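Colleague: I am new to this model and would like a close look at a single part. Could you take me through one chain and the way its helices meet each other and their surroundings?

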Amino acid sequence: MSTNLANLLYLITIVTFILALRFLSNPAHARRGNQIGAVGMLVAVVVTWIKTGGTSWWAIAIGMLFGGGFGAFAARRVKMTAMPQMVALFNGVGGGAAALIALAELHKILPDPGRPKIDIGLAIVLSGLIGAISFSGSMVAFAKLQELIQGRPITYPGQKFANLALLAACVGLGITLVAGVQDEWLLWVVIAGATLFGVLFVLPIGGADMPVVISLLNAFTGIAVAVGGFELENNVLIVSGMLVGASGTLLTMMMGRAMNRSIANVLFGAFGQVSPQAAAATTDGGTVRSASAEDVAVMLAYAHKVIFVPGYGLAVAQAQHDVRQLADLLEAKGVEVSYAIHPVAGRMPGHMNVLLAEANVPYPQLKEMDEANPEFSRTDVAVIVGANDVVNPDARNNQGSPIYGMPILNVDNANAVVVLKRSMNPGFAGIENPLFYDPKTVMLFGDAKDSITKLIADVKAL
Amino acid sequence: MSHNTLLVFEVTILVLAIFLGFEVISKVPTLLHTPLMSGTNAIHGIVVVGAMLILGSPHKGAFGWVVGFLAVVLGSANVVGGFVVTDRMLEMFKTREPPKEAEPPSDGASGP
């Protein structure tokens with residue numbers, strides 16, 4: 001197959017990918033878009049297979065069977081609550097593949113007479129570096145989300161300095177390689193250093209900041225793949241990789257905005273290390289009112305409008321189906337039910353939407369923050385299920401709070417607030433929440449799933 | 001086409017892809033941010049094409065074999081996993097639940 005024909009066919013792939021993203025603008029046809037993208041991918045694979053002229057086709061087939069089989073198996077088995085780590089894993093393997101391609105390309109071109117072209121050298125170093133960071137960073141994110149290692153920030157003195165020094169060393173070695181030092185080992189060292197940097201750079205980032213990190217790593221892999229396209233002089237890699245790079249970058253910025261924190265602060269701030277003295281200021285003197293499930297059931301059943309506010313605790317307790325069941329019961333009693341979803345609730349962008357969609361909640365009931373906030377003032381009961389920082393009024397009122405300025409769901413505008421919570425332990429970031437001491441708030445202590453199950457029984461009994 | 005002409009051309013489409021990406025992605029509602037992320041994940045699985053070109057190149061040593069094979073494995077895990085997981089997620093987003101046997105009574109009670 002001629003290069004021109006192959007490139008034309010690759011253009012089909014590019015168009016299908018753009019359509020796949022375009023179709024995501026509406027949940028009604030988003031699935032069709034994804035299928036179109038999958039067909040485009042198949043086209044690219046077939047074209048590439050023909051391009052290689054069947055060289056080592058059996059090795060390619062075996063590799064695809066292994067990789068594809070693992071991918072399909074993992075993707076089918078994963079629970080919706082575990083989606084963030086699955087996305088991290090697939091993101092990591094993509095980055096790893098890009099780094100490997102860089103190694104193989106350099107190995108291939110080094111024996112050629114003359115110095116490698118500067119742009120090819122640069123592309124090899126960059127895709128090796130970024131791909132390796134993305135690979136190991138994603139693996140650490142995976143391990144954290146899967147709770148193989150602790151989710152809390154892991155820090156030690158001089159950490160930022162050590163990380164920066166490591167990255168600078170990798171970049172420096174990369175530059176010498178591009179500048180013409182023709183030694184394959186240099187790239188090995190760059191990739192090894194970048195892998196270590198990826199680990200060290202995600203370790204200090206706390207679980208609640210994962211939406212930012214996962215988006216950023218997503219962008220990294222995309223960029224690594226796009227740069228890989230320069231090594232291989234392959235348009236489809238350049239365009240597809242860069243689409244992902246742009247998407248990941250945009251998501252990272254959105255997540256940062258939703259936390260009112262700069263990306264640098266998220267990446268190097270090791271949140272959760274915040275000293276709580278400033279935050280405690282507004283809570284003194286208040287008392288916490290705890291309620292029984294029966295009381296809450298009465299509040300809910302006789303309300304006109306109830307808004308559920310889910311957070312990561314909902315995912316941990318796997319309570320999405322129970323929440324849906326409770327909502328159904330309330331709707332049967334004529335209560336208007338909706339869900340208010342903060343952009344950074346959960347461990348990845350949009351995590352809560354997926355969980356509730358899994359529980360068959362119709363998506364028009366899922367309200368994003370700007371849509372939900374005006375609704376709270378005419379809401380009888382706001383039910384907080386496993387969310388904390390995203391409903392903390394200190395973000396609006398207390399300049400001393402570490403989360404001051406973060407846009408929140410204004411649940412304190414509702415007539416009454418019910419907080420489902422395990423205990424009075426402050427949340428992940430260790431920040432006190434004055435919402436819990438608000439006179440119109442009642443706490444329903446216990447595991448979210450158990451509490452909701454009790455509420456269901458009590459609402460039924462009314 | 002000379003190498004430099006090709007390079008300029010490649011940089012051009014790279015930059016256009018950045019703008020196109022921002023344009024298209026900014027229209028995706030927050031509702032679908034998780035599927036967006038896993039969908040773009042699947043798209044960067046296109047790296048498998050690069051892996052195939054390495055493993056399928058005619059004169060490769062043991063190194064090319066091993067690295068190419070690993071890259072194909074990782075790349076295809078990325079592609080298949082990404083698309084399957086996205087499909088599973090998008091399938092769940094519905095306006096109304098499909099009619100089930102248990103539903104009619106509760107629907108009746110909430111009627112106007």
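Modeller: What follows is a walk through chain B, with a few places in chain A added for context.

Please keep in mind throughout that this is a predicted model. Chain B has 112 residues, of which 52% count as buried, and its secondary structure consists of five helices and zero strands. Read from the N terminus, the order of its elements is therefore simply α-α-α-α-α, where each element is a DSSP run. Among the contacts in chain B with a separation of 6 or more, 63% join residues that are 24 or more positions apart.

Within this chain, the pair H3(B) and H4(B) deserves the closest look. These two helices pack at an angle of about 155°, and their axes are 8 Å apart. Because angles over 145 degrees count as roughly antiparallel, H3(B) and H4(B) are roughly antiparallel to each other. Their crossing is left-handed. On the side of H3(B), the contact is made by B:Val47, B:Val48, B:Ala51, B:Met52, B:Ile54 and B:Leu55, while H4(B) contributes residues including B:Gly64, B:Val67, B:Gly68, B:Phe69, B:Ala71 and B:Val72. Sorted by class, this contact has 11 nonpolar and five polar residues, and no charged ones.

The helices of chain B also face the other chain, where 82 residues of chain B are in contact with 100 residues of chain A. The elements of chain B that give two or more residues to this side are helix H1 (3-25), helix H2 (33-44), helix H3 (47-55), helix H4 (62-92) and helix H5 (103-109). H4(B), already met as the partner of H3(B), supplies the largest share, with 28 residues. By class, the side of chain B that touches chain A has 48 nonpolar, 26 polar and eight charged residues.

A helix pair in chain A can be described in the same terms. Helix H5 (residues 118-145) and helix H8 (residues 210-232) of chain A pack at an angle of about 150°, with axes 8 Å apart, and this angle makes H5(A) roughly antiparallel to H8(A). The crossing of H5(A) and H8(A) is left-handed, and the residues of their contact divide into 17 nonpolar, seven polar and two charged.

Two loop residues of chain A are worth a look for their backbone. Most residues other than glycine have a negative phi. A:Glu147, however, has a positive phi, near 60°, and it is found in the loop between H5 and helix H6 (159-178) of chain A. A:Glu147 is exposed, because 11 other C-beta atoms lie within 10 Å. A:Asn360 likewise has a positive phi, near 65°, and lies in the loop between helix H14 (351-358) and strand S3 (366-368) of chain A. With 16 C-beta neighbours inside 10 Å, A:Asn360 counts as partly exposed.

Finally, there is the buried interior. The largest nonpolar core has 192 residues, and the members that touch the most others are A:Val309, A:Ile384, A:Val385 and A:Val418. Leaving aside residues up to four places away in sequence, A:Val309 touches A:Ala340, A:Ala382, A:Val383, A:Ile384, A:Val385, A:Ala387, A:Val391, A:Leu409 and A:Val411.

Terms used
Residues are numbered from 1 along each chain as its sequence is written. Chains are lettered from A and ligands numbered from 1 in the order in which they are written. This is a predicted model: local features need pLDDT of at least 70, side-chain atom pairs count only at pLDDT 80 or more; totals for chains, interfaces and linings use all residues. A nonpolar core is a set of buried Ala, Val, Leu, Ile, Met, Phe, Trp, Tyr and Cys residues joined through C-beta atoms within 7 Å. A residue is buried if 20 or more other C-beta atoms lie within 10 Å of its own, exposed if 12 or fewer, and partly exposed in between; C-beta atoms are placed from the backbone. Two residues are in contact if their C-beta atoms, placed from the backbone, lie within 7 Å. Helices (H or I, at least four residues) and strands (E, at least two) are DSSP runs, numbered from the N terminus. Ala, Val, Leu, Ile, Met, Phe, Trp, Tyr, Cys and Pro count as nonpolar, Asp, Glu, Lys and Arg as charged, and the others, Gly among them, as polar. Axes are lines fitted to C-alpha atoms, for helices over the stretch in contact, and angles run from 0 to 180 degrees between N-to-C directions. Angles under 35 degrees count as roughly parallel, over 145 as roughly antiparallel, 65 to 115 as roughly perpendicular and the rest as oblique. A crossing is left-handed if the near helix is turned anticlockwise from the far one by less than a right angle, and right-handed if clockwise.
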